[in-house]
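User: I'm new to this one and would like a close look at a single part of it. Could you pick a spot, show me what surrounds it and then follow the trail outward?

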Amino acid sequence: MTNYVLEHARLIDGTGADPIADATVYVEDASITWAGASADAPATAPKGAVSIDLTGHSLCPGFFDCHVHLSLPGTKGSPLELAMHPQSYLHFQLIDRLRTTLHNGVTTVRDLMGIDTGVREAVSAGLIEGPRLLVAINMLSQTAGHSDFCLPSGIDLTPYVGAALVDSVDEARHRTRELIRAGADVLKVASSGGVTSPNDDPTWLGMRREMIAAIVEEGQNYGGRPVAAHAIGYAGIRAAVEAGVHSIEHGYALDDELRAQMVAQGTFLVPTLLETMHEVTATPQGAAKSAKWHAMAHDSIAASAAAGIKIAVGTDAGLSPDHGTNLKELGLLVRFGGLTPMQAIVAGTRTSAQLCGVADTLGTVEEGKTADLVVVRGNPLDDVDTIGDPENILLVVKEGRAVGNRGGFPVG
């Protein structure tokens, strides 16, 4: 394990504090042991540390994407192709998707449907390179709901996209317990219809409140596992908020009453704006739905941010956005949500760490935190869109180890 002295950087530490123009960060044994102004740095650096001069560049915490689907191909294919190969083929596709996501600045992701805990464990053990993973395994929905990919032809893609259908409270409890037994970190439900799903519409109520509440209860009683709700239309958002979910994914049809309830309950919003920049073209119905609902998403996010809802970063990468484009979301939060560049960076670091339950060790550049760090070319506070361009991600450090080094720094 290499120790580092990262010096003369502009430090944007993820807390929302003013940046430090000339900062030094010490990394020792995968932890941050000091961070602050270079003039105040301790005289004794970590033993055997490699010094890296970051003059002209910015140092940020490792970024999060709290809503990805690593099993899906983005613009490079379709869910139908999942049925065209043996299951083992997916694992080789994952190698590139994981590496690309990590090297482009995302050190932690929440996969909300499609991969199992074996992928998480393989990354953790160092067998494959990728961001730290939190996994849902399946998305729970009802028959004819957002997760039901049984097509009129009779072809059923539901198992291939990573979904599970439950149609009663008892079935929901049972499947939730199976997911917990399998090691799921987070539980995912579909409380509304969707844009890309073939059998429903976002206005439709998906999983009913009593079923969601049962899943929330099971999650709380089995290790405090949080519940994330795919919820686009009003009925689905309301059912999920009233059932006590931890996060609303998408949330396009939020109104002021539900926003106030989310603030009072501490419910997070993951807007997935990057997904809305991709038109659904697979079917005429999907194209019509995407035009309507994506425009609504752009109109809604500013009101949600202004209401004080805790906003975390998620993209739906794999569904339509390509893996590795994740950090374009920050610029969209500024463009549509009215966040400042600093607020967008905090959303992608500290707030996302809070959503994922790991803020005690990740999400900010502070003494005692795990050394997940990203070096960005120039000053992203002048133009946060620069973070979304992979060419500006010059160095990525995950758990104290340099894993991406476009800047050609002497990382040891």
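Analyst: Here, two residues are in contact when heavy atoms of theirs come within 4.5 Å. The model is a predicted one, where local features need pLDDT of at least 70, side-chain atom pairs count only at pLDDT 80 or more, and totals for chains, interfaces and linings use all residues. Residues are numbered from 1 along each chain as its sequence is written, and side-chain values use heavy atoms, with hydrogens and water left out.

Let's start at Ser-192. You'll find Ser-192 in the loop between β11 (187-190) and α5 (209-221); helices (H or I, at least four residues) and strands (E, at least two) are DSSP runs, numbered from the N terminus. Is Ser-192 buried or exposed? Its relative accessibility is 0%, so Ser-192 counts as buried (buried is under 20%, exposed over 50%, partly exposed in between, using a 1.4 Å probe and protein chains only).

What sits around Ser-192? Leaving aside residues up to four places away in sequence, Ser-192 touches His-146, Asp-200, Pro-202, Trp-204, Gly-206, His-230, Ala-231, Ile-232, Gly-233 and Gly-236. With one of these neighbours there is a closer detail to look at: the Ser-192 side chain reaches the backbone nitrogen of Ile-232 at 2.9 Å.

Two of those neighbours, His-230 and Ala-231, lead us to strand β12, which covers residues 227-231. Strand β12 belongs to an open sheet of 7 strands, in the order β10-β9-β11-β12-β13-β14-β15, with parallel pairing (strands pair if DSSP finds at least two bridges between them). At the edges of that sheet are β10 (163-165) and β15 (310-311), each pairing on one side only. Between β12 and β13 there are 4 bridges, and the two strands run parallel. Across that pair, Ala-229 stands opposite Ile-248 in β13.

Strand β13 takes in residues 247-250, and His-250 is part of it. This histidine has something unusual about its backbone: His-250 isn't a glycine, yet its phi is positive, about 90°. Most residues other than glycine have a negative phi. With 6% relative accessibility, His-250 counts as buried.

Back to the Ser-192 list for a moment: Gly-236 is on it, and helix α6 spans residues 234-243. The axes of helix α6 and helix α7 (residues 256-265) come within 11 Å and cross at roughly 25°; axes are lines fitted to C-alpha atoms over the stretch in contact, and angles run from 0 to 180 degrees between N-to-C directions. So α6 and α7 are roughly parallel (under 35 degrees counts as roughly parallel, over 145 as roughly antiparallel, 65 to 115 as roughly perpendicular, the rest as oblique). On the α6 side, Tyr-234, Ile-237, Arg-238, Val-241 and Glu-242 do the touching, and they meet Leu-258, Gln-261, Met-262 and Gln-265 of α7.

One last stop, over in strand β1 (residues 4-11), where His-8 has its place. His-8 also has a positive phi without being a glycine, in this case about 65°. His-8 is partly exposed, at 31% relative accessible area. Ala-9 lies in β1 too, but with 2% relative accessibility Ala-9 counts as buried. Ala-9 touches Ile-20, Ala-21, Asp-22, Ala-23, Leu-54, His-57 and Leu-59, again not counting residues up to four places away in sequence. From Ala-9 to Ala-23 it's 14 residues in sequence and 5.1 Å in space, C-alpha to C-alpha.

Note on methods. Polar contact = N/O pair within 3.5 Å; in protein donor to acceptor, adjacent residues only side chain to side chain.
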